[in-house]
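Hi,

Here is the structure I promised to pass on. Have a look at it first, and then read my notes below.

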Amino acid sequence: MTQANPDKKKLQFIDAHHHFWDLEKNDYPWLNDHPEPNFFLGNYDGIKRNYLYKDSVVSG
């Protein structure tokens, strides 16, 4: 069994993937018809709308 070297730096990264959804074109019951009152991450009302590519682009 090998032990981790405490002198080595830990690799850090950012997971920058996106999730897009169009509520008019696809069925997402948890975003539309069937709210989850005990959702483990809390209230998610703020994401109950379309999220498309144009919403992720920062305008400047």
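**Salt bridge, rings and a polar corner**

A search through the whole structure turns up one salt bridge. Keep in mind as you read that this is a predicted model. The bridge joins Lys48 to Asp45, and the closest N and O atoms are 3.1 Å apart. Neither end is hidden away: Lys48 is partly exposed at 29% relative accessible area, and Asp45 is partly exposed too, at 48%.

Pro35 belongs with this pair. Pro35 sits in the segment before H1 and is exposed, with a relative accessible area of 51%. That value counts as exposed because the cut-off is over 50%. Pro35 and Asp45 are 10 residues apart in sequence, and their C-alpha atoms are 9.0 Å apart in space. Setting aside neighbours within four places in sequence, Pro35 is in contact with Tyr44 and with Lys48, the lysine of the salt bridge.

**The overall picture**

Some totals, in case you want them for setting things up. The secondary structure comes to one helix and zero strands. The helix is H1, residues 53-56. The protein has 60 residues, and 10% of them are buried. Its accessible surface is about 6200 Å², with 54% of that belonging to carbon and sulfur atoms. Taking contacts between residues at least 6 apart in sequence, 49% join residues at least 24 apart.

**The aromatic rings**

How many aromatic pairs are there? The count comes to six. In one of them, Phe39 and Phe40, the ring centres are 5.2 Å apart and the planes meet at 55°, so the pair is tilted. The two rings differ in cover: Phe39 is partly exposed at 26% relative accessibility, whereas Phe40 is exposed at 70%. Phe39 also pairs with Tyr44, again tilted, at 4.8 Å centre to centre and 55° between the planes. Tyr44 is buried, with a relative accessible area of 7%. This is the tyrosine that Pro35 contacts.

Ring pairs tie Trp21, Trp30, Phe39, Phe40, Tyr44 and Tyr51 into a cluster.

**Asp22 and Asn50**

This is the part I would like you to look at with the side chains switched on. Asp22 lies in the segment before helix H1. What is the nearest side chain of opposite charge to Asp22, and how far away is it? It is Lys25, at 4.3 Å, and Asp22 is buried without a salt bridge. The Lys25 distance does not qualify because a salt bridge needs the nitrogen within 4 Å of a carboxyl oxygen. What the Asp22 side chain does have is a polar atom 3.0 Å from the backbone nitrogen of Glu24. Leaving out neighbours within four places in sequence, Asp22 is in contact with Tyr28, Asn50 and Leu52.

Asn50 is the other half of the story. Asn50 is also placed in the segment before H1. Is Asn50 buried or exposed? At 19% relative accessibility, Asn50 counts as buried, because the cut-off is under 20%. A polar atom of the Asn50 side chain lies 2.5 Å from the backbone nitrogen of Leu23. The side chain of Asn50 also makes a polar contact, at 2.7 Å, with the side chain of Glu24. Glu24 therefore meets both residues: its backbone nitrogen lies 3.0 Å from a polar atom of the Asp22 side chain, and its side chain is in polar contact with Asn50.

Not counting residues up to four places away in sequence, Asn50 touches Trp21, Asp22, Leu23, Glu24 and Asp55. Two links to the rest of these notes come out of that list: Trp21 is part of the ring cluster, and Asp55 falls within H1 (53-56).

That's everything from my side.

Cheers

Notes. Residues are numbered from 1 along each chain as its sequence is written. This is a predicted model: local features need pLDDT of at least 70, side-chain atom pairs count only at pLDDT 80 or more; totals for chains, interfaces and linings use all residues. Side-chain values use heavy atoms; hydrogens and water are left out. Helices (H or I, at least four residues) and strands (E, at least two) are DSSP runs, numbered from the N terminus. Buried means under 20% relative accessible area, exposed over 50%, partly exposed in between (1.4 Å probe, protein chains only). Contact means heavy atoms within 4.5 Å. Accessible areas come from the Shrake-Rupley method with a 1.4 Å probe; for residues, only the protein chains shown count as cover. Lys and Arg count as positive and Asp and Glu as negative; His and the chain ends are not counted. A polar contact is a pair of N or O atoms within 3.5 Å; within protein, one must be able to donate a hydrogen and the other to accept it, and residues adjacent in sequence count only if both atoms are side-chain atoms. Rings of Phe, Tyr and Trp (its six-membered ring) pair if their centres lie within 6.5 Å; planes under 30 degrees apart count as stacked, over 60 as edge-to-face and the rest as tilted.
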